[in-house]
Amino acid sequence: MLPTPDTSHVSFDTIYEPSEDSYLFLDTLSSASESKWLSERFDNTKHTPPLVVEVGTGSGVVLGFAAAQSEKIFGRRDILTLGTDVNRNACLATRETAINAIKAEQQPSPRTIHISSLTADLCAPLRPGSVDVLLFNPPYVPTEDLPRLPSAVDNDPAAAAAMSRSAKFDSDSFFLSLTYAGGADGMETTDRLLDAIPRVLSPTGVAYVLLCKQNNPEDVKERIRGWDGWNAESVGSSGMQAGWEKLVIVRIWRDDGL
């Protein structure tokens, strides 16, 4: 079993704590079948160092794992990683998680580089066609309302430091709601991410998106297969509950990507 990146430096007051969905991502990426698929797709004799981007990084445990275990997952250590999150605290946590994980697992000569963790909404800062591997563990719980996106004021450390206890509780609760509240069918944020995939992925790019059973993953896969030249299949599952897979990870890629 490959080690999970250390997140002891992370304050989980406003950041999603690694849970079953996070660990399903680690298990899926490092599985023999998926690491073989990725290693062949990003063979270092044919492909430049791949850019691996996690959208909505939270603690950075998934991106840190992909960075630290790049040789086992991608068959090469020279990958580049980048993260985005609407929560500034999550971006700071991710940077530390990823850098520490690389140092711990790639001694004496680390080659994976964590470029940055950007405070941003989903794929907004990403250049078209730039992402080779996109990872997304979304807010997937169906909720009546979708939380508004945080503003610069919400992410201002000085403002946070000046808050009363009750105001800080409300702020912390708001940021935590962003990690799980997915709106109608739990898909409102995921749908925006799916719409961005054809724009941001490179020609050989692949996306991994986690879904729960309430998200109707079979319908999502059929929708993606309806895009011209795209495919989608489940490559990881947390097991069955009442005849349904509780959580699945869907791989999305262009059929003609190789």
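Leu122 counts as buried, because its relative accessibility is 11%, under the 20% cut-off. That residue is one of a few spots worth a look in this predicted model. The others here are two helix pairs that share helix H3 (residues 61-68), a cis peptide bond before Pro108, and a positive phi at Asp185.

**Residues with a positive phi**

- Leu122 isn't a glycine, yet its phi is positive, near 45°.
- To find Leu122, go to the loop between strands S3 and S4 (131-136).
- Asp185 is another non-glycine residue with a positive phi, this one about 60°.
- Look for Asp185 in the loop that runs between helix H7 (165-180) and helix H8 (188-200).
- Is Asp185 buried or partly exposed? Asp185 counts as partly exposed, because its relative accessibility is 48%, which falls between the 20% and 50% cut-offs.

**The cis peptide bond**

- Gln107 and Pro108 are joined by a cis peptide bond, with omega at about 5°.
- Pro108 sits in the loop between H5 and strand S3 (113-119).

**H3 against H5**

- Helix H3 packs with helix H5 (residues 88-105) at an angle of about 25°, and their axes are 8 Å apart.
- The two helices are therefore roughly parallel to each other, since angles under 35 degrees count that way.
- The crossing of H3 past H5 is right-handed.
- On the H3 side, the residues in contact are Val61, Leu63, Gly64, Ala67 and Ala68.
- On the H5 side, they are Thr94, Thr97, Ala98, Ala101, Ile102 and Glu105.
- Sorted by class, this H3–H5 contact has seven nonpolar residues, three polar ones and one charged one.

**H1 against H3**

- Helix H1 (residues 20-30) also packs with H3, with an angle of about 20° and axes 9 Å apart.
- That angle makes H1 roughly parallel to H3.
- H1 goes past H3 in a right-handed crossing.
- H1 brings Ser22, Phe25, Leu26, Leu29 and Ser30 to the contact, while H3 brings Val61, Val62 and Phe65.
- How many charged residues does the contact of H1 with H3 have? There are no charged residues in this contact, which has six nonpolar and two polar ones.
- Val61 of H3 turns up in both pairings: it's listed in the contact with H5 and in the contact with H1.

Terms used. Residues are numbered from 1 along each chain as its sequence is written. This is a predicted model: local features need pLDDT of at least 70, side-chain atom pairs count only at pLDDT 80 or more; totals for chains, interfaces and linings use all residues. Side-chain values use heavy atoms; hydrogens and water are left out. Axes are lines fitted to C-alpha atoms, for helices over the stretch in contact, and angles run from 0 to 180 degrees between N-to-C directions. Helices (H or I, at least four residues) and strands (E, at least two) are DSSP runs, numbered from the N terminus. Angles under 35 degrees count as roughly parallel, over 145 as roughly antiparallel, 65 to 115 as roughly perpendicular and the rest as oblique. A crossing is left-handed if the near helix is turned anticlockwise from the far one by less than a right angle, and right-handed if clockwise. Contact means heavy atoms within 4.5 Å. Ala, Val, Leu, Ile, Met, Phe, Trp, Tyr, Cys and Pro count as nonpolar, Asp, Glu, Lys and Arg as charged, and the others, Gly among them, as polar. Buried means under 20% relative accessible area, exposed over 50%, partly exposed in between (1.4 Å probe, protein chains only).
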